[in-house]
Amino acid sequence: MIEGRITRISGPIVYAEGLSGCGLYDVVSVGEASLIGEIIRLKSGKATIQVYEDDTGMRVGEKVICHQRPLSVRLGPGLLGTIYDGIQRPLDKMFDERGAFIVSGQRSEPLDTEKRWSFEPVLSAGDAIGPGVVVGTVQETASVLHKIMVPSTIKGKIVESVVAAGEYTVSDVVARTELGEEICLSQYWPVRKARPYVEKLNVAQPLVTGQRVIDVLFPISKGGAASIPGGFGTGKTMTQHAIAKWCDADIIVYIGCGERGNEMTDVLREFPTLIDPRTGRSLMERTILIANTSNMPVAAREASLYSGITLAEYYRDMGMAVAVMADSTSRWAEALRELGGRMEEMPAEEGFPAYLPTRLAEFYERAGRVRNFRDEEGSITVIGAVSPPGGDFSEPVVQHTMRFTRCFWALDRELANARHYPAIGWIASYSEYIEEVKDWWNKKDPRWATIRIEVLELLKKEQQLEKIVRLVGPDAVPETDRLVLLVAEMIKIGFLQQNAFDAVDMYAVPEKQIAILQLIMSFYYKSQIALNSGIPLSSIRKLTVREEIIRIKSEVANDKLEMVDSVKEHLNQQFSELEGAYRKVVS
């Protein structure tokens, strides 16, 4: 360890001297309280340090100790179901120790060092090992089998037999190599360094979220990256909550980065009570929460994204599909801006540092579908919320995020004000994963690609007609255009709008999603034929099957899709009766 002294303090930025021999991004203990910090600039033994804890009361002249290792997280059994801050301090354990307020310098082990885990070895003495090889397994939760993997820096043979099956702590050694290297149930990994893999693969399977507007119109692939930009109150957090609850990922990492305390409180209270639809058990059994609220130290907010993505990479390397929710990257960027200002860096657009695009790219590039060292596939899907001031999408964080993500779910203020959730606007939003997920959808339902295009074209046409209707009134446009407005309203109410508090509507399987759209478009085509036959739109509007189609989302359960067939029969029957009645009138 190398010891230096504080020469200057500027909020969370501390300047120290006497640290020759230290490295960039080394972890340091700052001041008499031994606060955690990280060296972010070095010159001739003089270091600039960002402190991850509240340094109120710190004085010039206090000591700084460099540990000559990078900021790292501890990886091993016990991560799931835990609530951490941005530097992997377990908040629930710290609450039990010192109460509701974090004390500067307070420490607690990120993993329970006393809990004993049931370890099942899969190797024996003499077996060759290398990066990623599984030494044994631990049943971390009832939902997740945790694989104890060889760190990427270790190669060779096991010379000392792997310990027998039994109960061990995360600090216990379970194997040794011929070079004396030890393999424990846990390991450390630097947060700013991406974990290695063999190959990055194409993203071909969608992340099924159960949210109709996402899955059908703007899908995201497993291993993809998406952004959710929107102003205050448009539902960014609500949308991420819904995806985290219902998506078909194996592991959820939820990063609350700079959000309000009450929003994170809702997450912390709600998630432990949620039932995983796949296992019937608590959702927390496959979830990790990182809470770094807006009133916590700003430097830790900057580290929280890296900590979260590193935890995700660890489970990805086990061959799992991981979904990362970052809420929000704007608060993270604001932390960069504040730290840059304290360091007297030259600001770029709107005061953000010039390296903002690089940092965003580094984060989103850690998403992807990869093949690990055991020839297994794993993926990380990153969904980042962006909170532009005033909902201005030309703001730098939104614009740079669009460069590095291929899916854009733009939240619309008017939809949110009308209580239309998810408030994802179908005009400004887009997805570039359409071609990648097409084969998956064709196996599930070959109608998807055609219906998706038809629906989006109809919604765009409706937007154009709305401008005309505002000027001349609905009665001045032809009935064919009024039919477009009618059917677009059915799509918005009966398909795009989804009630997160309705036991039936909160989640929709892909088969149900397509079935609803197919009925709506069948209603549209039959209505067009009826109009061409001379039947007035007012008669079509009175058909009761229109309301039946709209109510499918909340009245037909995912496992009772045969009920949709009866609605389809009513649709055919009512149009047949309407046409028959019209022919009698004409004759």
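# Briefing on a predicted single-chain model

Val509 sits in the loop between α12 and α13, the latter covering residues 510-532. The model is predicted. Its chain has 587 residues, of which 56% count as buried. The secondary structure comes to 16 helices and 26 strands.

**Overall dimensions and surface**

- The C-alpha trace spans about 100 × 55 × 40 Å along its principal axes.
- The accessible surface of the chain is about 24600 Å², and carbon and sulfur atoms account for 51% of that area.
- Of the contacts between residues at least 6 apart in sequence, 71% join residues at least 24 apart.
- Ile468, Leu471 and Val472 make a nonpolar surface patch of about 320 Å².
- Within this patch, Ile468 belongs to helix α11, which runs over residues 448-472. Ile468 is partly exposed, with 41% relative accessible area.

**Val509 and its loop**

- Val509 counts as buried because its relative accessibility is 18%, and the cut-off for buried is under 20%.
- Leaving out residues up to four places away in sequence, Val509 touches Asn558 and Leu561.
- From Val509 to Glu377 the C-alpha distance is 24 Å, with the two positions 132 residues apart in sequence numbering.

**Helix α12 and Arg546**

- Helix α12 covers residues 479-496 and has 18 residues. From first to last C-alpha, α12 reaches 24 Å, close to the expected 26 Å.
- Of the 18 residues in α12, 13 are buried, so this helix is largely enclosed by the rest of the structure.
- Arg546 is found in helix α15, residues 545-555. Beyond its neighbours within four places in sequence, Arg546 is in contact with Leu486, Met490, Phe523 and Arg541.
- Which side chain of opposite charge is nearest to Arg546? It is Glu547, at 4.1 Å. Arg546 is buried yet has no salt bridge, because a salt bridge requires the nitrogen and the carboxyl oxygen to lie within 4 Å.

**Helix α3**

- Helix α3 (residues 236-246) is mostly covered, with 10 of its 11 residues buried.
- The buried residues of α3 include the charged or polar Lys236, Gln240, His241 and Lys245, and also Ile243 and Trp246.
- Two helices, α2 (212-217) and α4 (261-270), are among the elements that the buried residues of α3 pack against. Strands β19 (225-229), β20 (251-257), β22 (321-327) and β24 (377-386) also pack against these residues.

**Tyr364**

- Tyr364 lies in helix α7, residues 356-364. Tyr364 is buried, with a relative accessible area of 3%.
- Not counting residues up to four places away in sequence, Tyr364 touches Ala225, Ala226, Thr329, Val382, Gly384, Thr401, Phe404 and Thr405.
- The C-alpha atoms of Tyr364 and Leu19 are separated by 33 Å, and the two residues are 345 apart along the chain.

**Salt bridges**

- Side chains of opposite charge can pair when their charged atoms come close.
- A search of the whole structure finds 31 salt bridges.
- One of them joins the side chains of Arg371 and Glu199, at 2.1 Å from N to O. This pair links distant parts of the chain, with Arg371 in strand β23 (residues 368-371) and Glu199 in strand β18 (residues 199-201), 172 residues apart.
- Arg371 is partly exposed, at 24% relative accessible area, and Glu199 is partly exposed at 35%.
- Arg369 forms a salt bridge with Glu377, whose closest N and O atoms are 2.9 Å apart. Glu377 counts as partly exposed, at 44% relative accessibility.
- Arg406 and Glu436 form a salt bridge in which the closest N and O atoms are 2.8 Å apart. The Arg406–Glu436 pair also links distant parts of the chain, 30 residues apart: Arg406 is in the loop between α8 (396-404) and β25 (407-408), and Glu436 is in helix α10 (residues 434-444).
- Arg406 is partly exposed, with a relative accessible area of 28%, and Glu436 is partly exposed with 23%.
- Glu38, Arg192, Glu302 and Arg359 are joined into one network by salt bridges that share partners.

Conventions:
Residues are numbered from 1 along each chain as its sequence is written. This is a predicted model: local features need pLDDT of at least 70, side-chain atom pairs count only at pLDDT 80 or more; totals for chains, interfaces and linings use all residues. Side-chain values use heavy atoms; hydrogens and water are left out. Helices (H or I, at least four residues) and strands (E, at least two) are DSSP runs, numbered from the N terminus. Buried means under 20% relative accessible area, exposed over 50%, partly exposed in between (1.4 Å probe, protein chains only). Lys and Arg count as positive and Asp and Glu as negative; His and the chain ends are not counted. Contact means heavy atoms within 4.5 Å. The expected span of a helix is 1.5 Å times one less than its number of residues. Patches are made of residues with over 30% relative accessible area and no salt bridge: like charges are joined within 9 Å, nonpolar side chains (Val, Leu, Ile, Met, Phe, Trp, Tyr) within 5 Å. Accessible areas come from the Shrake-Rupley method with a 1.4 Å probe; for residues, only the protein chains shown count as cover.
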